[in-house]
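Work through the exercises below with the sequence and the structure in view. Try each task before reading its solution.

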Amino acid sequence: MMLACWTTGDGDANGHGDHYWFALDFDSDSGYINDWYVTTGSPSQWQPHVPHCR
């Protein structure tokens, strides 16, 4: 699985208030996961390495 890009949107389902979402690239499947549910660190840590979705 790879984090293809990031975007912002509604908060996570559990109400933690995280509005960053990652588009996933996983073989032939794709989708989005909220930043709260993955171990990525702060946006200042991952934004230089993961592009913004267009």
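Helices, of at least four residues, and strands, of at least two, are DSSP runs numbered from the N terminus. The model is predicted.

**Exercise 1. The fold in outline**

Task: State which pattern of strands and helices the protein chain follows along the sequence, and explain why the chain counts as compact as a globular protein of its length.

Solution.
Step 1. Reading along the sequence gives the pattern β-β-β-α.
Step 2. The tally is therefore one helix and three strands.
Step 3. The radius of gyration of the protein chain is 11 Å, and the globule rule gives 10 Å for 54 residues. The two values are close, so the chain is as compact as a globular protein of that length.
Step 4. Along the principal axes, the C-alpha atoms fill a box of roughly 30 × 25 × 20 Å.

**Exercise 2. Surface and contacts**

Task: Find what percentage of the 54 residues count as buried, and what share of the contacts is made by residues 24 or more positions apart.

Solution.
Step 1. A residue is buried if its relative accessible area is under 20%. In the protein chain, 24% of the 54 residues count as buried.
Step 2. The accessible surface comes to about 3,900 Å², and carbon and sulfur atoms hold 52% of that.
Step 3. Among contacts with a separation of 6 or more, 32% are between residues 24 or more positions apart.

**Exercise 3. The disulfide**

Task: Locate the disulfide in the structure and explain why it ties together parts that are apart in sequence.

Solution.
Step 1. Searching the whole structure turns up one disulfide.
Step 2. The disulfide joins cysteine 5 to cysteine 53, with an S to S distance of 2.0 Å.
Step 3. Cysteine 5 belongs to strand β1 (residues 2–8), whereas cysteine 53 is in the segment after α1, so the pair ties together parts 48 residues apart in sequence.
Step 4. The angle about the S-S bond is 95°, and the link is right-handed.
Step 5. Both cysteine 5 and cysteine 53 are buried.

**Exercise 4. Aromatic rings**

Task: Count the aromatic pairs, and explain how the rings of tryptophan 6 and tryptophan 46 are arranged.

Solution.
Step 1. The count comes to four aromatic pairs.
Step 2. For tryptophan 6 and tryptophan 46, the ring centres are 5.6 Å apart and the planes stand at 75°. Planes over 60 degrees apart count as edge-to-face, so this pair is edge-to-face.
Step 3. Tryptophan 6 lies in strand β1 and tryptophan 46 in helix α1, so their pair ties together parts 40 residues apart in sequence.
Step 4. The rings of tyrosine 20 and tryptophan 46 have centres 5.2 Å apart and planes at 85°, so this pair is edge-to-face too.
Step 5. Tyrosine 20 is in strand β2 (residues 20–26), so its pair with tryptophan 46 in helix α1 ties together parts 26 residues apart in sequence.
Step 6. Tryptophan 46 is buried, with a relative accessible area of 4%, whereas tyrosine 20 is partly exposed at 25%.
Step 7. Ring pairs link Trp6, Tyr20, Phe22 and Trp46 into a cluster.

**Exercise 5. Threonine 40**

Task: Describe where threonine 40 lies and which residues threonine 40 touches.

Solution.
Step 1. Threonine 40 is in the loop between β3 (29–34) and α1 (43–46).
Step 2. Leaving out residues up to four places away in sequence, threonine 40 touches Leu3, Phe22, Asp35, Gln45 and Trp46.
Step 3. With the side chain of aspartate 35, the side chain of threonine 40 makes a polar contact of 2.4 Å.

Note on methods: Residues are numbered from 1 along each chain as its sequence is written. This is a predicted model: local features need pLDDT of at least 70, side-chain atom pairs count only at pLDDT 80 or more; totals for chains, interfaces and linings use all residues. Side-chain values use heavy atoms; hydrogens and water are left out. A polar contact is a pair of N or O atoms within 3.5 Å; within protein, one must be able to donate a hydrogen and the other to accept it, and residues adjacent in sequence count only if both atoms are side-chain atoms. Contact means heavy atoms within 4.5 Å. The radius of gyration is taken over C-alpha atoms; the globule rule is 2.2 Å times the number of residues to the power 0.38. Buried means under 20% relative accessible area, exposed over 50%, partly exposed in between (1.4 Å probe, protein chains only). Accessible areas come from the Shrake-Rupley method with a 1.4 Å probe; for residues, only the protein chains shown count as cover. A disulfide is a pair of cysteine sulfur atoms within 2.5 Å. Rings of Phe, Tyr and Trp (its six-membered ring) pair if their centres lie within 6.5 Å; planes under 30 degrees apart count as stacked, over 60 as edge-to-face and the rest as tilted.
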